[in-house]
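Biologist: Got a minute to walk me through this model? I'd like to get a feel for the fold before I go back to the bench.

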Amino acid sequence: MVPAPQNSKSMFIFFSNSELYYSDRFGLVRHWVEHGKHAARWVLDGTDLFLSDAQVHSLHDHATMFDDTQRIFLVEALPKRLQARFLEQARLPPDTSIIRAPCNQPHISYIKLTNHTAMNETQAVINLAEILSTVIGHDRRGIIFCPSQHEADQLHNRFTQSCCVSYPEFSEANKARSEDEWKKGTKQWIATTAGFTLDVDSPSVGAVIFLGVGITHGMDFLYRGAGQSGRDGQRSWVVVLQNEPHQFAVPYDGLQDDDDPQCLAESWAWLQANRCRRLGFTMLYDNDTVSCAQLPDAHFCDFCEPQSKLMVTLKKKFNPPLIF
Ligand SMILES: [Zn+2]
């Protein structure tokens, strides 16, 4: 519940996250404002949904109630090119100060693989996950983001010993059971779809695999999903595994910047580029070009360190090899 104001009968402060948009609680805030109470401060987390979620665009209308309220908007990552649009949606002046941390995430090694082998994508992911398990150790967890429930279920069915499954459409009971198995380490891996990134909260994720590329796997999603790893302060690995021929669910042709808050165009360009994997992220979020070699203590990507222990193992185990 939004707490009732106690220090003043005419003033209140409220903190909210994205769940508030969908709940009736916002009605209480509206009620207070409409009955003469002043919202002194509004701290809003997860405000990137202004850009990408059609249901949240109505918040733009809500925001008119708070034109004289101090507003602090928190967002995990905001592409520079979407900054002006974000401020407009939030009804903030275009010269509003924005405090940013760099997006470097130096602990993450980004790896891009393409499966040219005869094995199907499910088997390729299982082999990859088993190799990653030896690198991260069995005390740390892994996440496999799939394009849809179908692929997640297939993984669960064939990788049963080590992998559970959970996605937003699961019942709450099933979700809780699966995620509990994963968090306790009974199953080291969890296969899921895009929505899971909003729910996950485990400090011990050592590896993240993105299977295929589709509408849910724009650059923004890759960045956020990757950021689930390494929260224990240790180095982590993030692997994007594509199959051959490439399966792009959404062609980037014709996408204008304004129509592309998920950054699909950037993920397309990232997949085509043959250079340090980190550059795609630093260019998008920081308008900068910081490669692994320029970043102190960086965990190098597969392009910058093609002879790493993991890459050598991958080359040995996959025959014919995955293409890097
Ligand atoms: Zn690199």
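Biologist: Let's go straight to the open sheet: what's the strand order?

Modeller: This is a predicted model, and in it the open sheet has six strands in the order E4-E9-E8-E5-E7-E6, with parallel pairing.

Biologist: Which ones are the edge strands?

Modeller: Strand E4 (108–115) and strand E6 (163–165), each of which pairs on one side only. From one strand to the next, the twist averages 20°.

Biologist: Is E4 mostly covered or mostly open?

Modeller: Mostly covered, with seven of the eight residues of E4 buried. E4 runs parallel to E9, and eight bridges join the two. If you want a spot to click on, leucine 113 has leucine 241 in E9 as its bridge partner.

Biologist: And how many bridges are there between E5 and E8?

Modeller: Five, again in the parallel sense, between strand E5 (residues 141–145) and strand E8 (residues 205–211). Look for phenylalanine 145 there, standing opposite phenylalanine 210 in E8.

Biologist: OK, helices. Which strands does H9 lie across?

Modeller: Helix H9 (residues 219–226) lies across E4, E5, E8 and strand E9 (236–243). Relative to E8, H9 runs at about 155°.

Biologist: So how much of H9 is buried?

Modeller: Seven of its eight residues, so H9 is largely enclosed by the rest of the structure. The buried ones are Met219, Asp220, Phe221, Leu222, Tyr223, Gly225 and Ala226.

Biologist: What do those buried residues pack against?

Modeller: Strands E4, E5, E8 and E9, plus helix H10 (264–272) and helix H11 (278–286).

Biologist: Switching topic: at what angle do H6 and H7 pack?

Modeller: Helix H6 (residues 121–136) and helix H7 (residues 149–158) pack at about 60°, and their axes are 10 Å apart. That angle is why H6 counts as oblique to H7. The crossing of H6 past H7 is right-handed.

Biologist: Which residues meet there?

Modeller: From H6 you have Thr122, Val125 and Ile126, and they meet Gln154, Leu155 and Arg158 of H7. Sorted by class, the contact of H6 with H7 has three nonpolar, two polar and one charged residues.

Biologist: What about H6 and H12, how do their axes cross?

Modeller: At roughly 145°, with the axes of H6 and H12 coming within 11 Å. H6 passes H12 in a right-handed crossing. On the H6 side the contact is made by Asn127, Ile131 and Val135, and on the H12 side by Leu310, Thr313, Leu314 and Lys317. By class, the contact of H6 with H12 comes to four nonpolar, two polar and one charged residues.

Biologist: I'm curious about lysine 317. Where is it found?

Modeller: Lysine 317 is in helix H12 (residues 309–317).

Biologist: Which residues is lysine 317 in contact with?

Modeller: Asn127 and Ile131, if you leave aside its neighbours within four places in sequence. The C-alpha atoms of lysine 317 and leucine 128 are separated by 9.1 Å, and those two residues are 189 residues apart along the chain.

Biologist: And why does lysine 317 count as partly exposed?

Modeller: Because it has 13 C-beta neighbours inside 10 Å, and the partly exposed class sits between 12 or fewer, which is exposed, and 20 or more, which is buried.

Biologist: Loops next. What's the phi of asparagine 287?

Modeller: It's positive, about 50°, although asparagine 287 is not a glycine. Asparagine 287 sits in the loop between H11 and H12. Asparagine 287 is exposed, with 10 other C-beta atoms within 10 Å.

Biologist: Then what about the phi of aspartate 297?

Modeller: Near 60°, also a positive value in a residue other than glycine. Aspartate 297 is in the loop between H11 and H12 too, and it is exposed, with 7 other C-beta atoms within 10 Å.

Biologist: Last thing, the overall picture. How many helices and strands does the protein have?

Modeller: There are 12 helices and nine strands. Of the 324 residues in the protein, 35% are buried. Taking contacts between residues at least 6 apart in sequence, 75% join residues at least 24 apart.

Definitions and conventions
Residues are numbered from 1 along each chain as its sequence is written. This is a predicted model: local features need pLDDT of at least 70, side-chain atom pairs count only at pLDDT 80 or more; totals for chains, interfaces and linings use all residues. Two strands pair if DSSP finds at least two bridges between them. Helices (H or I, at least four residues) and strands (E, at least two) are DSSP runs, numbered from the N terminus. Axes are lines fitted to C-alpha atoms, for helices over the stretch in contact, and angles run from 0 to 180 degrees between N-to-C directions. Two residues are in contact if their C-beta atoms, placed from the backbone, lie within 7 Å. Angles under 35 degrees count as roughly parallel, over 145 as roughly antiparallel, 65 to 115 as roughly perpendicular and the rest as oblique. A crossing is left-handed if the near helix is turned anticlockwise from the far one by less than a right angle, and right-handed if clockwise. Ala, Val, Leu, Ile, Met, Phe, Trp, Tyr, Cys and Pro count as nonpolar, Asp, Glu, Lys and Arg as charged, and the others, Gly among them, as polar.
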